[in-house]
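Please open the model in your viewer and set the display to cartoon, with side chains available on request. The stops below are given in the order in which they may be selected.

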Amino acid sequence: MSKSAVPPSRGLSVFVRTAKDRSPASARWLKRQLNDPYVTAARQQGWRSRAAFKLLELDDKFHLIRPGVRVLDLGAAPGGWTQVAVKRGAASVLALDLLPIDPIHGAVVLQGDFMDPEMPERLTAELGGGADLVLSDMAPNTTGHASTDHIRIVALAELALDFAVQILSPGGSFVTKVFQGGSEKQILDALKRNFTTVRHAKPPASRKDSSELYVVATGFKGRAD
């Protein structure tokens with residue numbers, strides 16, 4: 001069984017008894033977690049989050065992580081994608097988040113804001129050169145209002161793209177999360193200007209009821225200085 005393989009569900013369902021101090025929404029979330037085969041597989045295989053399988057599946061399809069590449073993981077906490085980059089053989093891996101991240105063997109972990117003006121220079125020094133792959137699984141806090149949340153996720157993806165353009169080496173790749181919703185044309189246009197190939201993907205580990213998509217951009221054309 002490959003690292004990205006997830007054992008099929010046996011059709012058994014775990015029921016959650018709603019305690020007095022647990023809201024119905026909290027109970028539904030817990031039930032979903034307990035019945036999610038990716039959550040179980042992540043725990044069994046030592047990944048810090050089920051999201052690790054999303055990157056495993058994207059990498060299986062697009063072959064993004066290769067020996068010798070330098071990888072930057074933006075918004076990395078709790079570190080599942082960083083773990084994948086390390087175990088898939090990247091030469092150097094740097095994880096950055098506003099939140100603290102427990103140490104990950106084989107990676108450099110930093111706490112900070114990628115929008116800090118000094119961050120590109122700092123990260124380039126840490127990586128020993130420009131990044132070959134910038135990853136962003138970041139998502140803003142949701143409001144529950146679909147159109148507002150969609151605008152926020154697209155805005156965050158645009159900020160991640162602006163940052164990636166500053167730190168990527170020519171020929172590099174960029175992966176970011178977006179949501180289906182019709183207002184992502186601006187970021188897609190920017191991606192097409194900066195990369196030779198731009199593709200959408202919804203890995204099997206993305207929940208079926210989620211509108212999330214990933215944009216995989218390869219062949220960075222280089223900065224126009």
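The tour of this predicted model begins with the sheet, proceeds to the helices and ends at a group of charged side chains.

**First stop: the sheet**

Select the strands. Seven of them form an open sheet, and their order is E3-E2-E1-E4-E5-E7-E6, with mixed pairing. Strand E3 (108–111) and strand E6 (195–201) stand at the edges; each has a single partner strand, so one side of each is left without a neighbour in the sheet. From one strand to the next, the twist averages 15°.

Next, select strand E4 (residues 131–136) together with strand E5 (residues 168–179). These two strands pair in the parallel sense, over five bridges. To find one position in this pairing, select Leu-133, whose bridge partner in E5 is Ser-173.

Keep E5 selected and add E7. The two strands run antiparallel and are joined by six bridges. Here Phe-179 may be selected, with Glu-212 as its bridge partner in E7. How many of the twelve residues of E5 are buried? Ten of them are, so E5 is largely enclosed by the rest of the structure.

**Second stop: helices on the sheet**

Select helix H5 (residues 119–127). H5 packs on the sheet and touches E1, E2, E3 and E4, and its direction makes about 150° with that of E2.

Now select H4, which covers residues 80–87. H4 lies across strand E1 (70–74), strand E2 (92–97), E4, E5 and strand E7 (212–220), and runs at about 175° to E2.

Within H4, display Gln-83. Is Gln-83 buried or exposed? Its relative accessible area is 10%, which is why Gln-83 counts as buried, the limit for that term being under 20%. With neighbours within four places in sequence left aside, Gln-83 is in contact with Gly-46, Trp-47, Arg-48 and Ile-104.

**Third stop: helix H2**

One of those contacts, Gly-46, leads to the next selection. Gly-46 comes just after H2 and takes a positive phi of about 85°.

Select H2 itself, residues 37–45, and display Tyr-38, Val-39, Ala-41 and Ala-42, which are buried. Look down the axis of H2: its buried residues fall within an arc of 165°, so they line one face of the helix. An α-helix has 3.6 residues a turn, so residues three or four places apart point the same way. Turn to the other side of H2 and display Arg-43 and Gln-44, both of which are exposed.

**Fourth stop: Asn-194 in helix H7**

Select helix H7 (residues 185–194) and display Asn-194, which lies in this helix. With a relative accessibility of 18%, Asn-194 counts as buried. A polar atom of the Asn-194 side chain lies 2.8 Å from the backbone oxygen of Ala-190. Leaving aside neighbours within four places in sequence, the residues in contact with Asn-194 are Val-165, Gly-219, Phe-220 and Lys-221.

**Fifth stop: the salt-bridge network**

Finally, which residues are linked in a network of salt bridges? Select Lys-54, Asp-137, Lys-177 and Glu-212, which make up that network.

Begin with Lys-54 and Glu-212. They form a salt bridge in which the closest N and O atoms are 2.8 Å apart. Lys-54 lies in helix H3 (residues 52–62) and Glu-212 in strand E7, so this pair ties together parts that are 158 residues apart in sequence. Both Lys-54 and Glu-212 are buried.

Move to Lys-177 and Asp-137, whose side chains meet in a salt bridge at 3.3 Å, N to O. Lys-177 lies in strand E5, whereas Asp-137 lies in the loop between E4 and helix H6 (146–167), so the pair ties together parts that are 40 residues apart in sequence. Both Lys-177 and Asp-137 are buried.

Then examine Lys-177 with Glu-212. Their side chains meet in a salt bridge at 3.5 Å, N to O. This pair links distant parts of the chain, with Lys-177 in strand E5 and Glu-212 in strand E7, 35 residues apart. The relative accessibility is 8% for Lys-177 and 5% for Glu-212.

Terms used
Residues are numbered from 1 along each chain as its sequence is written. This is a predicted model: local features need pLDDT of at least 70, side-chain atom pairs count only at pLDDT 80 or more; totals for chains, interfaces and linings use all residues. Side-chain values use heavy atoms; hydrogens and water are left out. Helices (H or I, at least four residues) and strands (E, at least two) are DSSP runs, numbered from the N terminus. Buried means under 20% relative accessible area, exposed over 50%, partly exposed in between (1.4 Å probe, protein chains only). Contact means heavy atoms within 4.5 Å. A polar contact is a pair of N or O atoms within 3.5 Å; within protein, one must be able to donate a hydrogen and the other to accept it, and residues adjacent in sequence count only if both atoms are side-chain atoms. The arc is that of the directions from the helix axis to the C-beta atoms. Two strands pair if DSSP finds at least two bridges between them. Axes are lines fitted to C-alpha atoms, for helices over the stretch in contact, and angles run from 0 to 180 degrees between N-to-C directions. A salt bridge is a side-chain nitrogen of Lys or Arg within 4 Å of a carboxyl oxygen of Asp or Glu.
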